[in-house]
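User: I should like to examine the terms applied to this structure and to see how each one is justified. Please set each value against its criterion.

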Amino acid sequence: MTQDQIILFALFAAVFAMLLWGRIRYDIVAFAALMLGVLLGVVPTDAAFSGFGHPATLIVALVLVVSGGLVRSGAVYLITRTMVDSSRSLGAHIAIMGGVGGILSAFMNNVAALALLMPVDIQTAHKAGREPGLSLMPLSFATILGGMVTLIGTPPNIIVASIRGDALGEPFAMFDYAPVGAITAAVGLLFVALIGWRLIPQPESQKSAGALDTTDYMAELTVPEESKHIGKRLSQLVEDAEKADVAVLGLVRGGKRLYGSQRNTMLEPQDALVLQAAPAALDEFRAAMKLNFAESAREENLLAEAEGLSKIEVVVPEGARIAGKTSLSVGLNWRRRAVLLGISRKGAAIRSQVRRTVVKPGDILLLLVPRGHEAEIADWLGCLPLAERGLAVTENRKVWLAIGLFGAAVAAASFGLVYLPVALGIVVVGYALTGIMPLRELYDQIEWPVVVLLGSMIPLGAALETSGGTELIAGALVGLTGGLPAWAILTVLMVVTMSLSDILNNTATAIVAAPVGIRMADTLGVNPDPFLMAVAVAASCAFLTPIGHKNNTLILGPGGYRFGDYWRMGLPLEIIVIAVSVPAILVFWPL
């Protein structure tokens, strides 16, 4: 081995060891290794930051912003709100949620797809009286499987495509992964829905007791002019409300609360529904039913004057400005351009309109405020803000615009009319200009540690390739499998890559394994594409541990899982993935 190869192998060994240790975050580990590589002369100075402008890095960042815009617009509510049905059997629920999760994760980042569906799954579990841990792991695995179907579904696919472009002159296109990915995902989802979930250890009740921290509010939503609900009985909205986990308590008309539940009353314009719900459920119901906030005129003023809206939760202490007063009397709207959406008061019913209700110490208020003024308004009220709980105001009026922009970009990129990063960049610009994604939230959607990881590992991977290091690894693997047919060597590559992905970050694994796959194919004198496909599938499918894939990490706490719980369903699933994908690769990407 040359001196450069020894240094690079030592750097990669140190990176892998630090990632396994887990005490220092992966982006800092990767960036430190890159800086050390530059100082030691194995990474050229002029190429040190080339990874940050690499197409793979840009696509990952842009996909995260686009995914956030689709969620922010309410586009995904069109699908997910039908999932909240606690009367279904657990198997049927897992099959439906897994199918939806798989489809969504094919067209948006699979981490974003899980983040969107996880609250829906937890909500359904609580309504059905079962532990969320029984269904969260199948949902996580389903979103990982679905991400294999398209180029933008998961970072390893993006990385493998870019490495193919650098090595062979042309990257994989949007749906090149679909034949192998769709078949593998379909068989994997079938296993998860029918058998896999039965292998999960039964979670203890106390383990997930704190999985979902929600506060229910008394709130009002109004029926807008020309709403499709005008003329319907209030009872006709109850079923949709229950699906969103919202309780309909009554009706306010002409500023007066009508006696009783009023379920047989015909709805009229500007009627206000009196509801009890958690913030996320309230926003989902409002977006799905196209209702307005109770103070719609004030909301319009807010929208006209602010760079978008946000929701905050604040606790009212003794001595607060609003304590003992109503939001009207304190001038919340005309003084601070804020709207009181709901009041949470444990153990006490609120009979009057929300904005006319006298606020008491101990109440929790749900406020609609101009973005960027959250802390200022909480201080003015004399209230204490609760910890950030990710409350967003869904822009459901722009749902079809968001879907249309994204669909047009995917189509243009798929037919080769526009380079994929450019197509996604145009979608991001469109989302920003139309207000689908407020400018203040734009960069919050990007997971910067992942960007730094990619930007740091790509130059290191290129240096390993240039120094001949990947050729050494490929030669060693081919030597160890000497005498075996090419398909068996491809299977060994998948097993090694999948094992690495289970204990390391799947992005880092793909960066190292893809060039090795190309070198192995060159050594054997066969087509490199099957080996690249094998790396893409194997790097994505990390099911044995909670650290191999971010989706598995996300469900660890809410599901009440232990480190050793994952392999019970994950090991047979990985075996199935290999057994199905290898023949599929050989059919669609012949050696």
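User: Which sign does the phi of K290 have, just after α11?

Analyst: K290 takes a positive phi of about 55° just after α11. Most residues other than glycine have a negative phi. This is a predicted model, in which local features need pLDDT of at least 70 and side-chain atom pairs count only at pLDDT 80 or more, while totals for chains, interfaces and linings use all residues. Residues are numbered from 1 along each chain as its sequence is written, and side-chain values use heavy atoms, with hydrogens and water left out.

User: Why is helix α11 described as largely enclosed by the rest of the structure?

Analyst: Helix α11 covers residues 279-289, and 10 of its 11 residues are buried, so the description holds. Here buried means under 20% relative accessible area, exposed means over 50%, and partly exposed lies in between (1.4 Å probe, protein chains only). The buried set comprises P279, A281, L282, D283, E284, F285, R286, A287, A288 and M289. Helices are DSSP runs of H or I with at least four residues, strands are runs of E with at least two, and both are numbered from the N terminus. The chain has 24 helices and nine strands, and 57% of its 591 residues count as buried.

User: What makes E226 exposed and Q270 partly exposed?

Analyst: E226 has a relative accessible area of 79%, above the cut-off for exposed. Q270 has 37% relative accessibility and therefore falls in the intermediate class. E226 is in the loop between β1 (217-222) and α10 (238-243), and its phi is near 65°. Q270 is in the loop between β3 (256-257) and β4 (272-277), with phi near 70°. The phi of E226 is positive although the residue is not glycine, and that of Q270 is likewise a positive value in a non-glycine residue.

User: Why are α7 and α9 called roughly antiparallel?

Analyst: Helix α7 (residues 133-146) and helix α9 (residues 178-194) pack at about 175°, with their axes 9 Å apart. The axes are lines fitted to C-alpha atoms over the stretch in contact, and angles run from 0 to 180 degrees between N-to-C directions. Angles under 35 degrees count as roughly parallel, over 145 as roughly antiparallel, 65 to 115 as roughly perpendicular and the rest as oblique; α7 and α9 are therefore roughly antiparallel. Contact, meaning heavy atoms within 4.5 Å, is made by P138, F141, A142, L145 and G146 of α7 and by A185, G188, L189 and V192 of α9.

User: Which residue elsewhere in the chain is in contact with A142 and L189?

Analyst: G98 is in contact with both A142 and L189, its neighbours within four places in sequence being left aside. G98 lies in helix α5 (residues 90-107) and is buried at a relative accessible area of 5%. Its C-alpha is 9.5 Å from that of L145, although the two are 47 residues apart in sequence.

User: Why is the pair of F12 and F16 called tilted?

Analyst: The ring centres of F12 and F16 are 6.2 Å apart and their planes stand at 55°, so the pair is tilted. Rings of Phe, Tyr and Trp (its six-membered ring) pair if their centres lie within 6.5 Å; planes under 30 degrees apart count as stacked, over 60 as edge-to-face and the rest as tilted. F12 and F16 are four residues apart in helix α1 (residues 3-21), which separates them by about one helical turn. F12 is buried, at a relative accessible area of 5%. The whole structure has seven aromatic pairs, and ring pairs also link F172, Y177 and W589 into a cluster.

User: How do you know that the span of α18 agrees with expectation?

Analyst: The expected span is 1.5 Å times one less than the number of residues. For the 19 residues of α18 this gives 27 Å, and the end C-alpha atoms are 27 Å apart, which agrees. Moreover, 14 of these 19 residues are buried, so α18 is largely enclosed by the rest of the structure. G468, with a positive phi near 90°, follows α18. Helix α19 (residues 469-480) has 12 residues and reaches 17 Å, close to the 16 Å expected. Its buried residues are G469, T470, A474, L477 and V478, and their cover includes α1, α18 (448-466), α20 (486-503) and α21 (506-524).
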